[in-house]
Amino acid sequence: LRVGVLISGRGSNLQALIDACADPEFPAEIVLVLSNKADAYGLERARLAGVTGQVVSHRDFPDKPSFEAAMDGALAAAGVELVCLAGFMRLLTAEFVERWRDRMINIHPSLLPSFKGLDTHARALAAGVRFTGCTVHYVRPAMDEGPIIIQAAVPVLADDDDHALADRVLVAEHRCYPLALRLIAEGRVRVEGERATVMGPAAL
Ligand code: GRF
């Protein structure tokens, strides 16, 4: 499966996907990393791994559709079959999302549908939940909505601040995203409307 990864920054989830794809048995390969930020450290990770990285900056385009058309062109030119959003910080138009319907996934650092959007860990702490976690899901036009592929639960500890909690959730993210990609690449995820079903074992 030919995968394109969209990033805006650090790229630790990208790194987890790169590491998984380095195994010759892994059924997917990253053929393109697109960043809307030229200084994203994830681009350096791509370079170090020998993966093609490309900057498509939203600042270089007059509007969102033309920015997205440039990304779409790059993804098509690379023969991308599945898009992974990995810390990509621009909201996508419904048109772009629909063009990649059931072929674009995202990772979010909460147990969706709780805590959509930004500052998830601070809000989880403020809410007093005892567990949070991460979710890999198919992308729908509404932010952080869409069929759930896998989730992992992570405990909230009494003395956590948002950084400590984010670090603990990130460890789970780095396990979940490659697993979700593998399940899709193996043809083991079926999407029907707003629900995804994983067939066969999917142990973390
Ligand atoms: C991760 O927590 C991811 O869940 C969220 O943004 C963060 C990106 O981190 N969408 P990184 O760039 O993958 O290190």
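**View 1. An open sheet of seven strands, paired in a mixed fashion and arranged in the order 3-2-1-4-5-6-7.** In this predicted model, the edges of the sheet are taken by strand 3 (53–55) and strand 7 (148–155), and because each of these has a single partner strand, one side of each is left without a neighbour in the sheet. From one strand to the next, the twist averages 20°. Helix 1 (residues 12–21) packs on this sheet, where it touches strand 1 (2–7), strand 2 (29–35), strand 4 and strand 5, and its direction makes about 160° with that of strand 2. Strands of a sheet pair through backbone hydrogen bonds, either parallel or antiparallel, and the next two views take up individual pairings.

**View 2. Strand 1 and its two parallel partners, strand 2 and strand 4.** Five of the six residues of strand 1 are buried, so this strand is largely enclosed by the rest of the structure. Strand 1 and strand 2 run parallel and are joined by six bridges, and within this pairing Arg2 stands opposite Glu29 in strand 2. The pairing of strand 1 with strand 4 is likewise in the parallel sense, over four bridges, and here Val5 has Cys84 of strand 4 as its bridge partner. Together with helix 1, strand 1 and strand 2 make a β-α-β unit, which is right-handed.

**View 3. Strand 4 (residues 82–85) alongside strand 5 (residues 104–108), paired in the parallel sense.** Three bridges hold the record of this pairing, and for Leu85 the bridge partner in strand 5 is Asn106. Both strand 4 and strand 5 are also among the strands touched by helix 1 where that helix packs on the sheet.

**View 4. The shell of 13 residues around the ligand.** Among these residues, Arg10, Ser12, Asn13, Gly87 and Pro109 come nearest to the ligand. Helix 1, strand 5 and helix 6 each supply at least two residues of the shell, and of the contributors helix 1 gives the most, with three residues.

**View 5. The loop between strand 5 and helix 5, which holds Pro113 and Phe115.** The peptide bond that leads from Leu112 to Pro113 is cis, and its omega is near 15°. Phe115, although it is not a glycine, has a positive phi of about 55°. Phe115 counts as buried, because 22 C-beta neighbours lie inside 10 Å and the cut-off for a buried residue is 20 or more.

**View 6. The loop between strand 6 and strand 7, with Asp144 and Glu145.** Asp144 is not a glycine, yet its phi is positive, at about 60°; this residue is partly exposed, with 19 other C-beta atoms within 10 Å. Glu145 is partly exposed as well, and in its case 17 other C-beta atoms lie within 10 Å. Although Glu145 and Leu112 are 33 residues apart in sequence, their C-alpha atoms are 7.9 Å apart in space, and Leu112 is also the residue from which the cis peptide bond to Pro113 starts.

**View 7. Helix 5 (residues 120–127) and its buried residues, Thr120, His121 and Ala124.** Seen down the axis of helix 5, these buried residues fall within an arc of 95°, so they line one face of the helix. The buried residues of helix 5 pack against two elements, strand 6 (131–138) and helix 6 (162–185). Helix 5 is followed by Gly128, which has a positive phi, near 75°.

**View 8. Leu165 of helix 6 and its contacts.** Leu165 is buried, with 21 other C-beta atoms within 10 Å. When its neighbours within four places in sequence are left aside, Leu165 is in contact with His121, Ala124, Leu125, Thr132, Val156 and Asp160. Of these partners, His121 and Ala124 are also among the buried residues of helix 5. Leu165 and Leu125 are 40 residues apart in sequence, and the distance between them in space is 8.7 Å, C-alpha to C-alpha.

Terms used:
Residues are numbered from 1 along each chain as its sequence is written. This is a predicted model: local features need pLDDT of at least 70, side-chain atom pairs count only at pLDDT 80 or more; totals for chains, interfaces and linings use all residues. A residue is buried if 20 or more other C-beta atoms lie within 10 Å of its own, exposed if 12 or fewer, and partly exposed in between; C-beta atoms are placed from the backbone. The arc is that of the directions from the helix axis to the C-beta atoms. Two residues are in contact if their C-beta atoms, placed from the backbone, lie within 7 Å. Two strands pair if DSSP finds at least two bridges between them. Axes are lines fitted to C-alpha atoms, for helices over the stretch in contact, and angles run from 0 to 180 degrees between N-to-C directions. A crossover is right-handed if, with the strands pointing away from the viewer, the path from the first strand over the helix to the second runs clockwise. A residue is near a molecule or strand if its C-beta atom, placed from the backbone, lies within 6 Å of it.
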